[in-house]
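Work through these exercises with the model open beside you. Try each task before you read its solution.

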Amino acid sequence: MGAQKLAAARAALARAESAVGLAGSQPQVQPQSGGKGWDLPPELSPLFPRGLAPGMTLGVSGSRIALALVASLVSAQGAWCIYLGMPDMGWEACVGLGSDLNRIVTIPYLPPARSGAALSAAIDLFDVVIVGSALRLDTREQRRLAQRARNRETLLIAENWQVRDRVNARYESVRGPANGSGHIAYITVELRSGHGARLRIEWDATGWHPAAGLRAVPSVREATPAHRVPRGQVTGGGLRLVPVNGTRGRGEK
């Protein structure tokens with residue numbers, strides 16, 4: 001980013017501070033990614049068939065681990081991120097997932113009348129803008145901000161926005177506590193994309209990884225042509241076992 005764009009970015013941060021009534025020193029924001037996408041672990045690629053690219057708007061819902069995971073992936077690669085309207089974000093969890101707190105700015109609360117202006121300013125400056133569900137924006141405003149993010153090549157991650165690219169996270173199980181005591185060893189979460197791809201992950205003190213093991217699912221009807229039968233071990237009783245340490249297509253549940 002040239003000197004002119006960097007100056008514009010600093011001016012945008014000043015506008016964001018003014019919009020929310022903040023004043024003080026500005027962080028030393030470095031140039032943005034310049035249009036280059038971010039790397040994804042192979043296990044997550046099926047959830048994001050278009051990748052994670054500047055200018056994309058990603059809707060997240062369900063457990064906040066989906067939002068934290070995606071934001072941490074790009075933060076670990078040097079992206080400057082700003083969180084708006086998320087006063088209850090778990091920063092220790094974000095660090096465990098790879099976030100670099102030295103390159104993160106957070107504005108927990110925004111006056112409703114100024115939220116649109118602050119979000120616009122943030123999109124002009126940061127590589128990644130994360131919008132919490134506490135910010136109530138109508139569909140028209142969401143579309144305007146998504147278009148601005150596309151023009152500015154900013155990755156916009158927003159809770160509960162119904163957009164083309166979206167991921168839902170659902171807690172499946174927690175392992176560790178027994179009889180009301182002990183600590184959580186790990187949790188299992190299912191991630192599901194808007195186009196139907198799914199991945200079960202385990203999250204523990206070392207980070208996240210695909211959940212291992214097998215899962216029983218309804219077997220394919222006998223009328224299905226043999227060459228179309230998904231791979232799996234038939235168990236009888238109308239069930240078969242399939243691996244759950246990777247993504248599955250829409251037809252496997």
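Tyr83 is buried, with a relative accessible area of 0%. Keep that residue in view for the first exercise. Note that the model is predicted.

**Exercise 1. Find the aromatic pair and classify its geometry.**

Step 1. Search the whole structure for paired aromatic rings. The search gives 1 aromatic pair.

Step 2. Identify the partners. They are Tyr83 and Trp91, with ring centres 4.8 Å apart.

Step 3. Check the angle. The ring planes stand at 80°. Planes over 60 degrees apart count as edge-to-face, so Tyr83 and Trp91 form an edge-to-face pair.

Step 4. Look at the exposure of each partner. Tyr83 is buried at 0%. Trp91 has 25% relative accessibility, so it counts as partly exposed.

**Exercise 2. Decide how helices α4 and α5 pack.**

Step 1. Recall what to look for. Two packed helices are described by the angle between their axes and the distance between the axes.

Step 2. Locate the helices. Helix α4 covers residues 115–125, and helix α5 covers residues 139–152.

Step 3. Read the two values. The axes come within 9 Å and cross at roughly 15°. Angles under 35 degrees count as roughly parallel, so α4 is roughly parallel to α5.

Step 4. Add the handedness. The crossing of α4 and α5 is right-handed.

Step 5. List the residues that meet. From α4 come Gly116, Leu119, Ser120, Ile123 and Asp124. From α5 come Glu141, Arg144, Leu145, Arg148, Ala149 and Arg152.

Step 6. Sort them by class. The contact of α4 with α5 has 4 nonpolar, 2 polar and 5 charged residues.

**Exercise 3. Is helix α2 mostly covered or mostly uncovered? Follow one of its residues.**

Step 1. Count the buried residues. Helix α2 spans residues 65–75, and 11 of its 11 residues are buried. The helix is mostly covered.

Step 2. Name some of them. Among them are Ile65, Leu67, Val70 and Ser75.

Step 3. Zoom in on Ser75, which lies in α2. Its relative accessible area is 1%. Buried means under 20%, so Ser75 is buried.

Step 4. Find what Ser75 touches. Leave out residues up to four places away in sequence. The contacts of Ser75 are then Cys81, Gly98, Ser99, Asp100 and Ile104.

**Exercise 4. Describe the chain as a whole.**

Step 1. Count the elements. The chain has 5 helices and 12 strands.

Step 2. Give the buried share. Of the 253 residues, 43% are buried.

Step 3. Check the contacts along the sequence. Take contacts between residues at least 6 apart; 61% of these join residues at least 24 apart.

Methods:
Residues numbered from 1 in each chain as written. Predicted model: local features only at pLDDT ≥ 70, side-chain atom pairs only at ≥ 80, totals over all residues. Heavy atoms only, no water. Axes fitted to C-alpha atoms, helices over the stretch in contact; angles between N-to-C directions. Helix = DSSP H or I, 4+ residues; strand = E, 2+ residues; numbered from the N terminus. Parallel < 35°, antiparallel > 145°, perpendicular 65-115°, else oblique. Left-handed = near helix turned anticlockwise from the far one by under 90°. Contact = heavy atoms within 4.5 Å. Nonpolar A, V, L, I, M, F, W, Y, C, P; charged D, E, K, R; others polar. Phe/Tyr/Trp six-rings, centres within 6.5 Å; stacked < 30°, edge-to-face > 60°. Buried < 20%, exposed > 50% of the residue type's maximum accessible area, 1.4 Å probe, protein only.
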